[in-house]
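Please look through the sequence and the model below. A student's questions and the replies follow.

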Amino acid sequence: MQSPPPNSFGWSNRVLFRLLSIPKEGPEISDRIVAVDTNTLARQPVRKREVVGEFRSLNNRAAATIVEKLPAGNDGNLDPDAIDRLLVTVHCEMQRISEEFQHGRRVAELLNPILQGLRDSKVDRPLRVVDIGCGTGFVVRWLTAHKALGGDVELVGADYHPALIDEARRLAAAENLSCRFEVANAFRLEQPATVYMSTGILHHFRGRELIDLFAQHNRPGTCAFMHFDFHQSALAPFGSWLFPAARMREPLAKHDGVLSAVRAYESEDLLLAARTGAPNFVSAVYGTKLWGLPIPRAFHSLVGILPEYRDAFIANLGNKKDALGVVE
């Protein structure tokens with residue numbers, strides 16, 4: 001389930017990687033500067049020297065240099081408060097790009113046909129949509145602010161990181177929004193999701209981890225899932241370098257933005273993982289084309305839906321299916 005190495009993109013991208021110093025391997029910096037016990041969600045200390053050493057061993061000098069500049073205490077551990085402030089800033093920069101790409105509208109474009117199909121099939125209300133790894137909650141807040149999904153939909157964002165959830169709650173309160181944010185494992189909430197969704201998390205899960213992620217969708221009451229992530233293409237590394245370089249200030253954001261595209265999965269790899277981990281769902285990848293043309297989108301979306309609701313979803317999607325492009 002590993003994504004193809006950069007040299008599989010052809011000679012032009014090999015030149016691009018060299019000229020732009022694009023890293024060729026993971027992990028991303030954000031994967032290493034915060035550690036959480038996945039069972040208790042307790043924050044764990046992170047040794048700065050160990051993180052720097054790991055990136056040096058991967059010959060990722062840019063990442064090592066960025067981490068070297070992060071503040072640490074006398075014990076050698078990264079300063080958690082400084083890391084929290086940095087991650088909130090990075091997520092604010094990510095929100096600006098999401099706004100420019102109209103990501104909230106794109107989520108609603110696929111989510112509404114799913115929800116209407118569930119309504120048509122008399123699924124119990126409210127229809128609970130849970131955003132996995134929501135960060136500062138841009139998608140949930142956008143959907144709520146624009147009343148994009150209907151009054152029978154409950155929107156919940158879940159993330160391991162308290163600082164990000166605190167910021168999501170602060171912004172939601174300032175905007176007088178009715179959505180909810182929880183410091184939690186999204187799959188361990190007291191009330192399961194009718195639909196799980198996410199943006200930009202799939203590429204963080206490698207190999208068996210990705211299959212195990214999809215396996216957690218097999219829950220009573222869960223009818224569908226929808227995950228947006230980078231669409232791997234020959235243009236993806238350049239685009240992921242250009243937009244962060246132009247719109248982001250934090251070196252961490254620029255570094256991880258590029259590496260996210262490099263680590264992105266092919267549509268067929270996502271489908272294989274989803275069908276292996278969540279075989280009860282019918283899965284397909286949407287959004288592989290731009291304006292119905294053979295031009296790759298920056299993001300594509302993996303949609304899984306229980307078989308009894310699929311026909312209603314496809315009917316509600318209508319001619320958007322061909323315009324988006326689909327891999328089944």
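**Reading the model**

Reader: Over residues 291–296, how low does pLDDT stay, and how many contacts beyond four places in sequence does the model have there?

Author: This is a predicted model, in which local features need pLDDT of at least 70, side-chain atom pairs count only at pLDDT 80 or more, and totals for chains, interfaces and linings use all residues. Residues are numbered from 1 along each chain as its sequence is written, and side-chain values use heavy atoms, with hydrogens and water left out. pLDDT is the predictor's confidence in each residue, from 0 to 100, and contact means heavy atoms within 4.5 Å. For residues 291–296 pLDDT stays under 50, and the contacts beyond four places in sequence number 10.

Reader: What does the protein chain average in pLDDT?

Author: Of the residues, 84% score at least 70. Residues 1–19 are below 50. Where pLDDT is low, the predicted coordinates should not be read in detail. The average for the protein chain is 86.

Reader: Why does the distance between the end C-alpha atoms of helix α8 agree with its 13 residues?

Author: Helices (H or I, at least four residues) and strands (E, at least two) are DSSP runs, numbered from the N terminus. The expected span of a helix is 1.5 Å times one less than its number of residues. For α8, residues 162–174, the end atoms agree with the expected span because both values are 18 Å.

Reader: What covers the buried residues of α8?

Author: Buried means under 20% relative accessible area, exposed over 50%, and partly exposed in between (1.4 Å probe, protein chains only). In α8 the buried residues are A163, L164, I165, E167, A168, L171 and A172. Their cover includes α5 (80–100), α7 (138–145), β4 (153–159) and β5 (180–183).

Reader: Which helix gives the most to the largest nonpolar core?

Author: A nonpolar core is a set of buried Ala, Val, Leu, Ile, Met, Phe, Trp, Tyr and Cys residues joined through side-chain atoms within 4.5 Å. The largest has 66 residues, and L111, L143 and M197 have the most contacts inside it. With seven residues, the helix that gives the most to this core is α6.

Reader: Which strands stand at the edges of the open sheet of eight strands?

Author: Two strands pair if DSSP finds at least two bridges between them. The order is β5-β4-β3-β6-β7-β9-β8-β10, with mixed pairing. Each edge strand has a single partner, so one side of it is left without a neighbour in the sheet; these strands are β5 and β10.

Reader: In β9, which residue is the bridge partner of H227?

Author: Strands β7 (224–230) and β9 (299–305) run antiparallel and are joined by seven bridges. In β9, the partner of H227 is L302.
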